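Dear colleague,

I am passing on the structure we spoke about, and my notes on it follow directly below. Please read them with the sequence and the coordinates open beside you.

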Amino acid sequence: MKIAQPDKMSNYSGHSASVSVRSVLPVLAYLQSKQLDVKKIPELARIKAVSLDDIEARVPHALAISVWERASRLAGDEHIGLHVAECVRPGSFGALEYAIRSSHDLGAGINRLVHYHRVMHDIAEVRLETAGKSAILSHCLPVPGGAPQPVSEFIMAGWYLAFCRLTGVRLRLDEVRFAHARPASVLEYQRIFNAPLSFSHDRSELVFPAGFLELPMLESDAELQRLLESVVMTMHENLPASEGIIGQVLRLLRDELCDGEPTMEAIARKLCLTPRTLHRRLKEEGTNFRVVVNTARRDLAERYLREGRMTITEIAFLLGYSDANAFHRAFKRWTGHAPRSQPVS
């Protein structure tokens with residue numbers, strides 16, 4: 001399996017997670033197009049302090065999430081994320097978008113999205129995995145509950161519609177997976193994606209034939225791409241090192257789980273923190289150590305099961321469970337069904 005992942009930041013600067021202001025501008029434009037009063041979103045007063053006129057400004061992650069959730073209620077639109085994605089204007093995401101659009105093929109464009117996604121969001125995890133004839137492009141917010149419904153809808157639909165537009169091909173997806181629970185109606189999802197849907201995953205994902213990665217981009221331009229790559233690289237390098245304490249703990253847990261039940265004391269020691277300070281920083285980001293441990297286990301469990309290279313017993317061992325039965329119980333608690341692994345050849 002090949003996995004494209006963004007560079008991991010090794011130091012936590014103490015700054016809270018932030019996103020590009022471009023992440024909230026599309027939903028505000030959508031509300032205004034519906035003649036809705038965006039002044040009814042109180043969080044905008046705080047964003048104004050950053051300046052909505054500065055399109056390269058950054059706003060706190062929690063504030064951006066609140067804007068999306070408030071916008072959904074203001075519009076009375078359960079699927080506002082899908083509808084905003086359909087209305088996004090080309091160029092809304094600046095240099096990163098143009099760097100992707102000018103790439104040679106879809107695979108190159110997606111790899112730039114993965115590598116430079118931190119330009120848009122400090123702590124979001126974006127990955128491209130290929131296994132055999134399948135490719136999976138995934139998005140995850142390593143916070144309790146993951147990305148809320150409007151955000152995951154917007155990202156999945158935004159990516160999918162952009163890829164169709166940039167290749168000139170109506171891509172037929174194998175499956176679309178969402179982190180949020182299944183809504184009462186999925187008609188809008190079916191209209192946009194026309195693909196099998198599943199919900200309550202640890203991350204949101206587009207699953208499609210790996211051959212799509214070789215589709216040429218309609219706006220491919222090697223010279224322009226080189227210029228834009230330099231611009232995006234500079235933006236990326238100038239961002240503060242703010243992986244966030246959740247991201248740091250998740251990264252360490254993925255190496256520690258196979259040694260048994262990880263402890264806060266052990267993880268705190270590796271981060272050169274006291275357990276009390278680690279507890280406080282996790283609380284500041286809205287979570288606790290046990291929740292992050294479970295997030296890491298579920299993330300790894302679903303990845304190992306997708307790869308199909310290990311037995312259930314082997315996966316249980318790598319995740320630090322005492323036996324396969326303990327893993328079965330935990331997995332069923334997360335997903336509502338027992339883990340299913342492909343035979344190991």
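Helix H7 gives the most to the lining of the largest cavity, contributing 10 residues, and I should say at once that this is a predicted model. Besides H7 (149-167), the elements that give two or more residues to that lining are helix H3 (61-75) and helix H5 (94-101). The largest cavity holds about 670 Å³ of space, and the structure has five cavities of 30 Å³ or more. Its lining is made up of 32 residues, and those lying nearest the centre are Phe93, Met120, Phe154, Ile155 and Trp159. Sorted by class, the lining of the largest cavity consists of 22 nonpolar, six polar and four charged residues.

One of the lining elements, H5, has seven of its eight residues buried, so this helix is largely enclosed by the rest of the structure. The buried residues of H5 are Gly94, Ala95, Leu96, Glu97, Ala99, Ile100 and Arg101, a list in which Glu97 and Arg101 count as charged.

For the overall setting, the protein chain contains 15 helices and eight strands. Of its 345 residues, 55% count as buried. Among the contacts in the chain with a separation of 6 or more, 70% are between residues 24 or more positions apart.

His139 may interest you, and its place is in strand E5 (residues 134-140). With a relative accessible area of 4%, His139 falls under the 20% cut-off and is therefore buried. Leaving out residues up to four places away in sequence, His139 touches His117, Ala124, Glu125, Val126, Ala147, Ile155, Met156, Trp159, Arg203 and Ser204. Two of these names, Ile155 and Trp159, have already come up among the residues nearest the centre of the largest cavity.

Which residues of helix H10 are buried? H10 covers residues 245-256, and over its 12 residues it reaches 16 Å from its first C-alpha to its last, close to the 16 Å expected at 1.5 Å a residue. The helix is mostly covered, with nine of its 12 residues buried, namely Ile245, Ile246, Gly247, Gln248, Val249, Leu250, Leu252, Leu253 and Glu256. These buried residues pack against strand E4 (125-131) and against three helices, H11 (264-270), H12 (275-284) and H13 (289-307).

Strand E4, one of the packing partners of H10, is where Thr130 is found. Thr130 has a relative accessibility of 17%, and because buried means under 20%, this residue counts as buried. The C-alpha atoms of Thr130 and Leu213 are separated by 9.9 Å, although the two residues are 83 residues apart along the chain.

Two further residues show how helices meet other parts of the chain. Val27 sits in helix H1 (residues 25-33) and, at 0% relative accessibility, counts as buried. Once neighbours within four places in sequence are left aside, Val27 is in contact with Val67, Trp68, Ala71, Ile80 and Val84. Of these, Ile80 is 53 residues away from Val27 along the chain, and the C-alpha atoms of the pair are separated by 8.2 Å.

Ala316 lies in helix H14 (residues 312-318) and is likewise buried, its relative accessible area being 2%. Not counting residues up to four places away in sequence, Ala316 touches Tyr321, Asp323, Ala324 and Phe327. The C-alpha atoms of Ala316 and Arg297, which are 19 residues apart along the chain, are separated by 9.6 Å.

Finally, a word on the cysteines. How many disulfides does the model contain? A disulfide is a covalent bond between the sulfur atoms of two cysteines. Taking a pair of cysteine sulfur atoms within 2.5 Å as the rule, the count comes to zero disulfides. Cys140 counts as buried at 8% relative accessibility, and Cys164 is buried too, with a relative accessible area of 10%.

With best regards

Methods:
Residues numbered from 1 in each chain as written. Predicted model: local features only at pLDDT ≥ 70, side-chain atom pairs only at ≥ 80, totals over all residues. Heavy atoms only, no water. Buried < 20%, exposed > 50% of the residue type's maximum accessible area, 1.4 Å probe, protein only. Helix = DSSP H or I, 4+ residues; strand = E, 2+ residues; numbered from the N terminus. Expected span 1.5 Å × (residues − 1). Contact = heavy atoms within 4.5 Å. 1 Å grid on protein atoms, 1.4 Å probe; cavity = no way out; pocket = protein on both sides within 12 Å on 5 of 7 lines; lining within 4 Å. Points joined across faces, edges and corners; volume = space filled by probe spheres on them.
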